[in-house]
Amino acid sequence: MAIKQKRVTTKKTATVELTKSASGNSAGSGIEPAKGKLGVMIPGMGAVATTFVAGVEAIRKGLAKPIGSLTQMGTIRLGKRTEGRSPKVKEFVPLAGLNDLVFTGWDIFEDNMYEAASNAGVLDRYLLDEIKTFLSSIKPRKAVFDHNYVKRIDGPNVKKGKNKMDLAEQLRDDIRQFKKSSGASRLVTVWCASTETFIEPSAAHQSIRAFENGLAKNDENIAPSMIYAYASLMEGVPFANGAPNLTVDIPAMLELSKQNEAPICGKDFKTGQTLMKTVLAPAFKARLLGLSGWYSTNILGNRDGEVLDDPGSFKTKEESKLGVLEHILQPAIYPELYGNIFHKVRINYYPPRGDNKEGWDNIDIFGWLGYPMQIKVDFLCRDSILAAPIVLDLVLFLDLAKRSAELRGLGIQEWMSFYFKSPMTAPGLYPEHDLFIQSMKLKNTLRHLKGEELITHLGLEYYD
Ligand SMILES: NC(=O)c1ccc[n+]([C@@H]2O[C@H](COP(=O)([O-])OP(=O)(O)OC[C@H]3O[C@@H](n4cnc5c(N)ncnc54)[C@H](O)[C@@H]3O)[C@@H](O)[C@H]2O)c1
């Protein structure tokens, strides 16, 4: 019902820059310029969110560099290797500048971003104090929360409503109010809140109509993250899901995303252990080395670790982490090499480590004539330091997608798989997990948008 009245249209005529794709594919890749401020809305103002926002401010003030961000530091090769054309990504496609970003967020705790960042313990106090005034000014809006979905935490800063539709309306009010007060011309939402308990798609998730009925009837299968996503998409705002929850990975959200031209992507930021897995597994497959077992364990002591100590939330994360090998190694095509893999993932809450996770992998491989070998990976990483540049890139690329006539009506932005452990794809399509395929896919999408030739690495022309 509400959908028809609130449909958001963004088709523009005046300022659209039209390019013709040299890949021979579709003309009309119009991209509107990134004019005005871009509002970033973050459900969950914890370790990742505060490390991201504090980082952006520190970079704006010249206190640090945007290490790990493809949009800020990456380049993109154009044309032949002999042409020497490798502009920065941010100079090649029209992205919002860091100075144009404005922020808001929601959390069940009342701490402002300075307090939340201090509690998260990721960034040094001296850095936080340099940007204290800015961070203190970002205060959490009241959250939509359901303790049944995140069992290990509870907080006071929570909305009350007569049903889930009412809560969605309150979030939509927040969004409109933020847009007005911040003066943002465009908005993006990135879910950085806790991992919700594992659920499977159910009847209420199957269409917009079923979902709206479910909201009105308080259907228990509608998770808080879905209410945020619904509110964003109803306002025509793109939504990225940084956690492994279902959230936008259901038919109702796909329908809404397409209808309101609000791009979606997810799930679960690809940061530490899975990043390594999606680098190593493609190497084994490329060299036809067999795999008999991969045991992955993690110790971490932040609030995320505490939430993941609950079996329901852990199951959501486990599913997200386990799919990777199956899709990369394709055991059905290579039964002798990958037909019998023992793959185990563990996450253990260990408070002394805080956000500094240790991800440890034991990998049993076999080579020529079946002789076994072992590889050990011990990644002493910093979870939120790895996640923050991903959040930045997602914000800027989702906003680009929203301004692109070719991308904004597609729903799922599969070209952003690069950033996710469990990439969303069109129904029936298996996800690409290999980091290098993902990277090529992303860069080729940018080339395509700008009418540049796609790079296939064939290279025969150099030998003509
Ligand atoms: N850091 C990484 O490397 C990484 C990688 C992949 C995914 N993730 C995911 O990103 C999310 C954030 O991670 P983090 O380390 O910042 O966790 P965190 O626990 O520090 O922060 C999450 C915040 O979300 C809040 N929250 C929970 N439910 C909420 C709701 N319904 N509405 C608003 N706020 C809510 C919590 O109070 C908390 O402040 C987690 O789901 C995590 O699994 C993190």
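## The surroundings of the ligand

Around the ligand there are 30 residues, and among these Val-48, Asp-107, Val-144, Ala-193 and Tyr-228 come nearest to the ligand. The structure described here is a predicted model, and every value given in this report is therefore a computed one that belongs to that model.

Sorted by class, the shell around the ligand holds 17 nonpolar residues, together with six polar and seven charged ones. Several elements contribute to this shell, since at least two residues each are supplied by helix H2 (47-60), strand S2 (101-107), helix H10 (224-234), helix H13 (303-308) and helix H16 (383-403). The space that the ligand takes up is the largest pocket.

## Polar contacts and cover

Where do oxygen atoms of the ligand meet polar atoms of the protein? In the side chain of Asp-107, an N or O atom is 2.7 Å from an oxygen atom of the ligand, and in the side chain of Thr-271 an N or O atom is 2.9 Å from an oxygen atom of the ligand. The backbone takes part as well, for a polar backbone atom of Asp-383 is 3.2 Å from an oxygen atom of the ligand. On its own the ligand has 840 Å² of accessible area, and the protein covers 98% of this area.

## Aromatic pairs

The count of aromatic pairs in the model comes to nine. One of the aromatic pairs is formed by Trp-106 and Tyr-228, whose arrangement is edge-to-face, with 5.4 Å from centre to centre and 70° between the planes. Because Trp-106 lies in strand S2 while Tyr-228 lies in helix H10, this pair ties together parts that are 122 residues apart in sequence.

## Two details of the backbone

Which residues are joined by a cis peptide bond? The bond lies between Gly-266 and Lys-267, and its omega is about -10°. Lys-267 is found in the loop between strand S6 (264-265) and helix H12 (273-286).

A further detail concerns Asn-218, which has a positive phi of about 55° even though this residue is not a glycine. Asn-218 has its place in the loop between helix H9 (208-216) and helix H10.

Conventions. Residues numbered from 1 in each chain as written. Predicted model: local features only at pLDDT ≥ 70, side-chain atom pairs only at ≥ 80, totals over all residues. Heavy atoms only, no water. Near = heavy atom within 4 Å. Polar contact = N/O pair within 3.5 Å; in protein donor to acceptor, adjacent residues only side chain to side chain. Areas by Shrake-Rupley, 256 points an atom, 1.4 Å probe, with all protein chains shown as cover. 1 Å grid on protein atoms, 1.4 Å probe; cavity = no way out; pocket = protein on both sides within 12 Å on 5 of 7 lines; lining within 4 Å. Sits in = over half its atoms within 2 Å of the grid points. Helix = DSSP H or I, 4+ residues; strand = E, 2+ residues; numbered from the N terminus. Nonpolar A, V, L, I, M, F, W, Y, C, P; charged D, E, K, R; others polar. Phe/Tyr/Trp six-rings, centres within 6.5 Å; stacked < 30°, edge-to-face > 60°.
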